[in-house]
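Hi everyone, thanks for coming along. Please have a look at the structure on the screen, and then I'll walk you through a few places in it.

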Amino acid sequence: MPRKPRHQEPGAYYHVVSRGNDKQTIFDDGLRQLFLKSLLRVSVRHEWRVLAYALMGNHYHLVFRLGESGLSPGMFELNNGFARASNASFARINHCFGQRFWSAHLDTTDYLLASIRYAVWNPSRAGECSEPAHSTWTSFRSSVGIDDPPPVLAIGDLHALFHAQPAKARLALFDYVYEGRVRCQAPWDGPPST
């Protein structure tokens with residue numbers, strides 16, 4: 001049975017999740033660094049504006065605005081290249097990723113902001129750390145000024161969602177994310193479980 005075509009509106013925001021086959025580990029720290037470099041290359045080529053990410057052990061979350069070439073071509077390039085590196089690192093010959101990537105069109109600002117918050121709380125919900133500020137492999141620390149932002153993060157675009165002045169935007173973003181400590185539930189029907 002053919003798959004339903006994805007909604008791929010240039011300029012729209014999306015939350016994307018891709019998970020290892022059978023929930024297998026796909027990342028170590030070196031592979032996370034490689035993934036961010038690959039994501040930068042893909043985001044430049046496909047004109048994506050990355051607002052948030054979380055690189056977990058067996059999956060990842062991305063929140064970004066699409067460029068003109070849409071979603072699927074960039075995701076194919078990102079996952080295909082990364083799968084080869086991950087499989088080589090873990091000495092695997094089978095599929096790195098399970099099902100095709102999950103995506104949600106973020107059609108309101110509330111939905112977009114909730115998805116950013118959901119992504120950066122992911123390591124805490126998985127028990128990897130106690131709070132977003134303690135996670136090394138999400139965009140949160142860079143987004144609020146704790147660490148320097150990696151080149152892939154469209155920090156200006158992200159801050160503009162919160163305030164015109166960067167210092168106030170960082171504080172507003174920090175407060176917004178931490179308001180989600182208690183109520184950080186999936187703002188949609190949900191990606192595949194972790």
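**A walk through the model**

Let me start with a single residue: Leu 66 is buried, with a relative accessible area of 3%. Buried here means under 20% relative accessible area, exposed means over 50%, and partly exposed is in between, using a 1.4 Å probe and protein chains only. Leu 66 sits in the loop between strand 3 and helix 2 (72-89). Its C-alpha atom is 5.7 Å from that of Ala 12, although 54 residues separate Leu 66 and Ala 12 along the chain.

A quick word on the ground rules. This is a predicted model, where local features need pLDDT of at least 70 and side-chain atom pairs count only at pLDDT 80 or more, while totals for chains, interfaces and linings use all residues. Residues are numbered from 1 along each chain as its sequence is written, and side-chain values use heavy atoms, with hydrogens and water left out.

Now the overall layout. The protein has six helices and four strands, and along the sequence they follow the pattern β-α-β-β-α-β-α-α-α-α. Helices (H or I, at least four residues) and strands (E, at least two) are DSSP runs, numbered from the N terminus. Of the 194 residues, 50% count as buried.

On to the strands. Two strands pair if DSSP finds at least two bridges between them. Strand 1 (residues 13-19) runs antiparallel to strand 4, joined by five bridges. If you'd like to find them on the screen, Tyr 14 has His 105 as its bridge partner in strand 4, and His 15 has Ala 104. Strand 1 also pairs with strand 3, again in the antiparallel sense, over seven bridges; there, Ser 18 is partnered with Tyr 60. Five of the seven residues of strand 1 are buried, so we can call this strand mostly covered.

Strand 3 (residues 59-65) pairs with strand 2 as well, in the antiparallel sense over six bridges. Strand 2 and strand 3 make a hairpin with three residues between them, and Ala 54 stands opposite His 61 of strand 3. Strand 2 is mostly covered too, with six of its seven residues buried.

Which side chains of strand 4 (residues 102-106) are buried, and which are not? Trp 102, Ala 104 and Leu 106 point to one face and are buried, while Ser 103 and His 105 point to the other face and are not. In a regular strand the side chains alternate between the two faces of the sheet.

Just before strand 2 there is a residue to pause at. Glu 47 is in the loop between helix 1 (29-46) and strand 2. Its phi is near 60°, a positive value in a residue other than glycine. Glu 47 is partly exposed, with a relative accessible area of 48%.

Let's go to the rings. Rings of Phe, Tyr and Trp (its six-membered ring) pair if their centres lie within 6.5 Å; planes under 30 degrees apart count as stacked, over 60 as edge-to-face and the rest as tilted. The count by this rule is 10 aromatic pairs. One of them is Trp 121 with Tyr 178, edge-to-face, at 5.7 Å centre to centre and 65° between the planes. This pair links distant parts of the chain, with Trp 121 in helix 3 and Tyr 178 in helix 6, 57 residues apart. Both Trp 121 and Tyr 178 are buried. Elsewhere, ring pairs link Phe 27, Phe 35, Tyr 60 and Phe 82 into a cluster.

Two arginines join in as well. The charged end of Arg 117 sits over the ring of Tyr 176, 4.0 Å from its centre, and that of Arg 125 sits over the ring of Tyr 118, 3.8 Å from its centre. The rule is that NZ of Lys or CZ of Arg is within 6 Å of the ring centre and within 35 degrees of the ring normal.

That brings me to the end of the tour. Thanks for listening, and do shout if you want to look at any of these spots again.
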